[in-house]
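Trainee: I would like a close look at one part of this model. Please take it slowly around that part, then place it in the rest.

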Amino acid sequence: MNAYYGWLALLGVATVMNACFIAWALHRRFRNKGGASADSPQSNGRLSLRRLPHAILTWSRIVGFRLRIPRVEMNLIEFALSIMYLAGCLAFTFAPTDNVKPYVHLQPNYIGAKSGLIAAGQMPLAVFLALKNNPITWLTGIGHEKLILMHRIVSRCILVCTWIHFVGDLYELIDEVWEIAGAVAAVAQTITTIFGIKQIRHRYYEIFYSSHVALILIFVITMHIHLIPMLCAYYIWPIYIIWGFDRGLRAARYLLFNVILRPKSHNALVEHIGADGLRVTLKRRIPGGWKAGQHVFLAFPRLGIESHPFTIGNIYEKEEGDNEAEMVFIIRAMGGQTRTLLNRALKNGSCELTAFFDGPYGHPEDIRPFTTCIFIAGGTGVTYTVARMHQLFKDVQASKANAKRVVFVWAVRTETEYEWVATDIAKVVALVPSSVSLHVEVYLTGGKRDNVLQGLPELELEKSDVDVEKDGVLTTTSSKERSSSRSSSNEKADVSGTSTPTKPTAAYFASGATTPTTACADGSFAFPRPGIVLKSGRPDVRTILEEEVTTSAGAVAVDVSGPDGLVDAVRSSLTEPFAGPVATMRGTPTVLLSVEQFRM
């Protein structure tokens, strides 16, 4: 119970913080709508005690969420919670509960029995943290895809306690049914935990998914059998209730969107768009729509029972006279079901398959109150940021957002991959409100040039940049001209500086979160595009962020989506002094960092 009290305390703190953020966001938005400026004064070099709360907020964001433990997929807060939670479980396992018979507390069977009860007591919590429809998300704004990390923390603590329990009772002969059931449960959980290791889980997702469902079912049932003779089955009954609640809601969604609100067609159009790219399009009636950046679970019954998460690459828009909204996904075929999908489409260039979806899920951060919004993407992560930028422009036009400055940066390996999203980017750039200063940069980091581009000038790596003007003329620009784009409220073609290559790991070039968009309709190469700056090399994210943060007139929001190397570079940059607590006390605005890296 003490562990549950600790989790409730954390939940209370997170709920209060979420409520404070919502209140702040509403205050800034309505203040701006009323005509008053919501911006804060720029840095004047003097320390101000009035900005001490802002400095504390900045320090907490850096220490808690941006500093990462090397070689571990955790920030400091997540790592600290893991250590404290495991330490608490071990303390309650080995610490004596009274001083009447202290020798008894040192007996292996006593420690084993105690550890087993602690493990059983944490099982409902582990299941609760894995829910897709999670009340914690409703209270704290933390999406289920982020809560899954806490689920793994609790599950691994359960595994440790389970094996302490097993070793403590090892000397006893396992011959009863309930004892055999307990041994089976321990083995099942051990196997599924091994399959849940990051490298194995990502490489063999289908195997992990199928085995996880089967092994967890075996684990819960055999644990129930194991606990009945000890009169502790009351630990298991909440699991059935929690799991049934989530499955009931998911089944209701499936029926509502795929059956009750009967679509004109249950089929999804699957098109091959070059290389390993697929565009999947389907239409559904979705009351209330979805938020830009949310994802759904797509299932193709003909290809298997499993469903995969994909980000919706477009914003919610319905055509006049049509109740259905189109959802578009870009899928990079990897292995398993996505590779099978690609092979189906390759035969004739496209195919139609029955598709069902569950969702939408996810809780993207509200960036409407921020003065400067920076979108940074790598690989296919661009489609998450494109949808977010598109929605932001619509909110600004409707006087629901405060953005005055928007910067969009995308690093992509090949020109072919750029073609997948070039039309969408160009359309969104054309929709920029007159009150917003927009700067768009696209970096080509490598890959063989397409034949259609052989006539274009070669880009000089690390020496010059290419600025695509409205008339399509290629020009070289210097870094000093970046600031000029801020003076114009609606620049269609910005000029920017020389890219300073960094030294990221190979993961920098790997594909990011699977995110969707729309490919070029005519199949031609997308460059040049009005308002888009083409550069060679890799973006120097630290310089970009420093220039934008230090010159912003108000709070800054940074959205990043892509491979680990790019995300780590952004996190590291925002721990530098220019975005630190001292700079904040001198007038530099606070920065909210949002990372979209869907991790199963």
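Is Leu231 buried or exposed, and what is its relative accessible area?

Mentor: Leu231 is exposed, because its relative accessible area is 69% (buried is under 20%, exposed over 50%, partly exposed in between, with a 1.4 Å probe and protein chains only). Before more, some ground rules. The model is predicted, so local features need pLDDT of at least 70 and side-chain atom pairs count only at pLDDT 80 or more, while totals for chains, interfaces and linings use all residues. Numbering runs from 1 along each chain as its sequence is written, and side-chain values use heavy atoms, without hydrogens or water.

Leu231 sits in the loop between α9 and α10 (helices are DSSP runs of H or I, at least four residues; strands are E, at least two; both are numbered from the N terminus). Its phi is near 60°, a positive value in a residue other than glycine. Most residues other than glycine have a negative phi. Cys232 is buried, at 8%.

Now the two flanking helices. Both α9 (205-227) and α10 (237-260) supply at least two residues of a nonpolar patch. That surface patch covers about 590 Å² and is made by Val177, Leu217, Ile221, Ile225, Trp237 and Tyr240. Patch members need over 30% relative accessible area and no salt bridge (Lys or Arg side-chain nitrogen within 4 Å of an Asp or Glu carboxyl oxygen); nonpolar side chains (Val, Leu, Ile, Met, Phe, Trp, Tyr) are joined within 5 Å, like charges within 9 Å. Areas are Shrake-Rupley values with a 1.4 Å probe, and for residues only the protein chains shown count as cover. Helix α9 gives the largest share, 3 residues. Leu217 lies in α9 and is exposed, at 52%.

A second residue shares the backbone feature. Ser399 also has a positive phi of about 60° without being a glycine. Ser399 is in the loop between α12 (382-397) and β9 (405-412). At 41%, Ser399 counts as partly exposed.

One more backbone point. The peptide bond from Gly359 to Pro360 is cis, with omega near 0°. Pro360 belongs to strand β7 (residues 356-361). Most peptide bonds are trans.

Back to cysteines. Cys20 is partly exposed, at 49%. The whole structure holds 0 disulfides (cysteine sulfur pairs within 2.5 Å).
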